[in-house]
Amino acid sequence: MNRVLVLGGGQLGLMMAEAAARLGLVVDRYDPERALLLPGTSDLAVPVSWEECQERYPVITVEREAFPEEGLSADLARSDRCVARGALQVIPDRFTQKSMLDKLGIPTAPWVTLDKAEDLQAAVAQFGGVVVKARTGGYDGRGTWIVGEGGDLSSVPAAELAGKAIIEQKIPFRRELSIVGARSISGETLFYPLTRNWHVDGILRLSLAPANACSDLQKPAEQMLKGIMEELDYAGVMAVEFFEVDGQLMVNEIAPRVHNSGHWTHEGADWSQFDLHVHALAGVPLHALNVHGPSAMVNLIGTPFESAWLQHPGVVHWYGKSVRPGRKVGHANLVADTLEGLRKGLDAWADVLPEGYQAVLDSELGLG
């Protein structure tokens, strides 16, 4: 296999195409919104038909979970060549996602469906603090409403969400962690170390890998992700976000694709998550990973490019997207020999980033 089609026209597919080129493989991207093909890393879009896709691409993968209900992308996502087809039937809907986790016996926040507006008050009585999540379409804090114990429920449009949302118990977690791993078409698996994540307003700002004091949690995390990938007969890279609660892991979200919290692997490991994704689909053996040292990934969100960044430690990955509030437009990776060296590098970055990053890069995080 030397050609892969990725459904989606964003930066994740572009980074897959870059990784593939280094192996002499071709990853082309299909942009569902424009109904056009983007060959390799090119921005010259061309039309493509179902027949041409069937002739050219033995394997189809995705860089996102949601696609139009009709059209070529929908047909390709449902085809037997799409290695994410099982995941796309389950993961995008939080009801089916949570139901699968319950079936597999994988810990997750207690939850109920929001079938009618009155269910919200009942859930608050049952759980105390709650998190209301739209069943589909929510990401980066969108489609999510958090209500603390005894909080005001009027901010949640419960009537509008009836039949379209779930309600989770609000979890008093210690840390947010994630694991990124891959499963090949033949069923071979490989995993990166657990990563510590910090979010602001639901958007990832900083990741640290390997996460500190997680040796006892690595194997359980791998087992959970492996079980999910096997259940969905999934091939490629997948990520799971966890809450750490009383020294145990609880699944928060699943992403059937390469993931923002795995971007540190660009410089922090011999093979990035994008390399690994392509390897898994191309039949390249999933060899053991060599992690280079403490690594940090700083998400660049809603901020224009600054040449000052290039004078600081680390490598900048810029996506070439128009800048708007809340939009991920790039990331910067820092690798050091020690945590203290990593902290010094992040302190330097704090001086050249917009207000709002300081709290995340501050010493209060302790890089723990």
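The paragraphs below walk through two helix pairs, two buried strand residues and three unusual backbone positions in a predicted model.

A convenient starting point is helix α1, which covers residues 11-22, together with helix α10, which covers residues 273-282. Their axes come within 8 Å and cross at roughly 70°. That angle makes α1 roughly perpendicular to α10, because angles of 65 to 115 degrees fall in that class. The crossing of α1 and α10 is right-handed. On the α1 side, the contact is made by L12, M15, M16, A19, A20 and R22, and on the α10 side by F274, D275, H277 and V278. Sorted by type, the residues of this contact are seven nonpolar, one polar and two charged.

A second helix pair consists of α5, residues 94-104, and α8, residues 215-231. Here the axes lie 11 Å apart, and the packing angle is about 110°. Helices α5 and α8 are therefore roughly perpendicular to each other. The crossing of α5 and α8 is right-handed. From α5, the residues M100, L101, K103 and L104 take part, and they meet G227, I228 and E231 of α8. The residues of this contact divide into four nonpolar, one polar and two charged.

From the helices, the text turns to the strands. Strand β2 runs over residues 26-31 and contains D31. With a relative accessible area of 10%, D31 is buried, since buried means under 20%. Apart from neighbours within four places in sequence, D31 is in contact with G9, L36 and L38. The C-alpha atom of D31 is also separated by 9.0 Å from that of V6, a residue 25 places away along the chain.

Strand β8, residues 165-169, holds E168. E168 is buried as well, with a relative accessible area of 4%. Setting aside residues up to four places away in sequence, E168 touches K98, A109, P110, W111, F127, G129, V130, V131, K133 and N252. An unreviewed UniProt entry places the feature "binding site" at E168 and at R94, K133, Q169, K170, I171, E176, H199, N252 and E253. Two of the residues that E168 touches, K133 and N252, are therefore listed under that feature along with E168 itself.

The remaining positions concern the backbone in loops. A cis peptide bond joins A209 and P210, with omega at about -15°. P210 sits in the loop between β12, residues 203-209, and α8, and this α8 is the helix that packs against α5.

Two aspartates have a positive phi. D201 is one of them: its phi is about 55° although it is not a glycine. D201 lies in the loop that runs between β11, residues 195-200, and β12. Its relative accessible area of 70% makes D201 exposed, because exposed means over 50%. The other is D233, a residue other than glycine whose phi is positive and near 50°. D233 is found in the loop between α8 and β13, the latter covering residues 236-245. At 55% relative accessibility, D233 counts as exposed. Both aspartates are thus exposed loop residues, whereas D31, in strand β2, is buried.

Methods
Residues numbered from 1 in each chain as written. Predicted model: local features only at pLDDT ≥ 70, side-chain atom pairs only at ≥ 80, totals over all residues. Heavy atoms only, no water. Axes fitted to C-alpha atoms, helices over the stretch in contact; angles between N-to-C directions. Helix = DSSP H or I, 4+ residues; strand = E, 2+ residues; numbered from the N terminus. Parallel < 35°, antiparallel > 145°, perpendicular 65-115°, else oblique. Left-handed = near helix turned anticlockwise from the far one by under 90°. Contact = heavy atoms within 4.5 Å. Nonpolar A, V, L, I, M, F, W, Y, C, P; charged D, E, K, R; others polar. UniProt positions renumbered as here; feature names shortened; annotations may be inferred. Buried < 20%, exposed > 50% of the residue type's maximum accessible area, 1.4 Å probe, protein only.
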